[in-house]
Amino acid sequence: MWQLKPLLLLLGVVLSAPACTVAGDGGMPLVIPITKDAATMLYSVSAPVAENDQITNHLVLDLSGPIIWSTCPDGYVALGCTSPACMQAHRFHPPNCPQTGYGRPDADNPHRCKCTAHPYNPVTGDTASDDMTEFTTTVNTTDGKNPLKEVSFVVATSCAPESLLAGLPENDVGVVGLGRSALALPAQIADTQKVATKFALCLPSGGSDGVAIFGGGPLFLLPPGRPDVVATLAGDTPLVKHGRSPGYFISADKGIAVNQAQVRLDGNGHAATPLVVGLSSTIPYTELRSDVYWAFITAFNMSTAERARVTPAVAPFELCYDSTQLGSTRLGYAVPQIDLMLQGGKNWTIFGANSMAQVNDHTACLAFVQMKGEHKQYGYGGAATEAPAVVIGGFQMENNLLVLDEENQQLGFSSLLFGRQTTCSNFNFTIAA
Ligand SMILES: *[C@@H]1O[C@H](CO)[C@@H](O)[C@H](O)[C@H]1NC(C)=O
Ligand SMILES: *[C@@H]1O[C@H](CO)[C@@H](O)[C@H](O)[C@H]1NC(C)=O
Ligand SMILES: *[C@@H]1O[C@H](CO)[C@@H](O)[C@H](O)[C@H]1NC(C)=O
Ligand SMILES: *[C@@H]1O[C@H](CO)[C@@H](O)[C@H](O)[C@H]1NC(C)=O
């Protein structure tokens, strides 16, 4: 028995190595539509289960999630403790969850060990322990313009109790992790489809579906004749690690600028720059650590001093304006632009459509909020990890194409697609003729 663990560890290393060398070898990228739930402001995908294609399961997208989990049908088969997926399931451990080893005895067969995983709800911060299993899912391949044809493949997932669904959209039955982990969807697709561990994410602002392309691209958005968005990005920046989190982080070397003027950050006990910037699809608005938040709010307030305010501000926001007097451009309200000045020299520029939330007919508010302690999203890897300075939320990512490239450890971004007269809801989901 004492030999089991080292043997498994070795196996894990051997199994994960070929994935890097074969990636990108001729597979077709896959396309998945993304919906936004108005009530929870969460983004979901549908994952039909082939054995029972009457059931289309909706699962919440979690950019930082390391696994895929859902409630399981009766009669599912638990994976054994020596399966490679079981090894991977234990690389990330949610906070407050005791390390319980790889599994537990199978009640029907005491000599068999059933693999246990630890699904995590990014909205409530709750965790559970349940069996690892696998199911067949069906997704369309794409040439970047249309869906082409359906392919089915097996994904390793975790079961979860019904109670873990709290806070998710009404019809959703689990969470699809898109994080930097072998059991997250991008890596499982890369592995089974022989495409790069790289995906393009285009979150919709509501109404019609947004789009994700696994394998990276190309991606063409209507109207026809436009260039591939993935090949014409506005910029890129290295992905950085933050503690042991499976999430995506980048570094804002020179901090933040409002109206082209750098926001003065005094650090307040923190290093002023570089700022660690996380990405989260499960918080509605960008959260700023309090020292950064107040410096940023003050700068934005000063640069909009002459604009008509609505007071008191509408919670959770601090600065609200009479939207009838803000003026509109094709990039949204005519407000000062916000630049995240990133490692590598490129800016992630945020225009009115991504900075101002319409809270009622005549009021729009600066849609950034103050971080409350360390966000639950970053609990993976232990409480010792300091909260990032900025966590970019859903509203700020909508209608911007993001390319999360694990293979080259890079984040690419298109900037607001309105500038190209298109949106994330302009993928042509009609099957190619
Ligand atoms: C593939 O695309 C077609 C056309 O959009 C759609 O009807 C079908 O449901 C898609 N298949 C899957 C598995 O999503
Ligand atoms: C980035 O933004 C800053 C502040 O607005 C500006 O001074 C700088 O020129 C921008 N850099 C690039 C590469 O656009
Ligand atoms: C914004 O500036 C005005 C005028 O200087 C000031 O009265 C107000 O308190 C400021 N608001 C915030 C949130 O800093
Ligand atoms: C969408 O794709 C279908 C199939 O290729 C094509 O017939 C249709 O014209 C496209 N729609 C638009 C608006 O280009």
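Here is a friendly exchange about the disulfides in this predicted model.

Reader: How many disulfides does the chain have?

Author: Let's start with what counts: two cysteine sulfur atoms within 2.5 Å of each other make a disulfide. Cys81 and Cys113 fit, with sulfur atoms 1.8 Å apart. Cys202 and Cys424 fit as well, at 2.0 Å. For the chain, the count comes to five disulfides.

Reader: How many residues apart in sequence are the parts that Cys202 and Cys424 tie together?

Author: The sulfur atoms of Cys202 and Cys424 are 2.0 Å apart, and the two form a disulfide. Cys202 sits in strand β10 (residues 198–202) and Cys424 in the segment after β28 (410–416), so the parts they tie together lie apart in sequence by 222 residues.

Reader: Is the link of Cys320 and Cys365 left-handed or right-handed?

Author: Good one to look at in the structure! Cys320 belongs to strand β18 (residues 320–322) and Cys365 to strand β24 (residues 363–366), so the pair joins parts 45 residues apart in sequence. The angle about their S-S bond is 100 degrees, and the link is right-handed.

Reader: Is Cys113 buried, partly exposed or exposed?

Author: The cut-offs help here: buried means under 20% relative accessible area and exposed means over 50%. Its partner Cys81, at 9%, is buried. Cys113 has a relative accessible area of 30%, so Cys113 is partly exposed.

Reader: What percentage of the residues in the chain count as buried?

Author: Cys202 and Cys424 are two examples of buried residues. Cys365, at 0% relative accessibility, is another. Across the 433 residues of the chain, the share that counts as buried is 54%.

Methods
Residues numbered from 1 in each chain as written. Chains lettered and ligands numbered in written order. Predicted model: local features only at pLDDT ≥ 70, side-chain atom pairs only at ≥ 80, totals over all residues. Heavy atoms only, no water. Buried < 20%, exposed > 50% of the residue type's maximum accessible area, 1.4 Å probe, protein only. Helix = DSSP H or I, 4+ residues; strand = E, 2+ residues; numbered from the N terminus.
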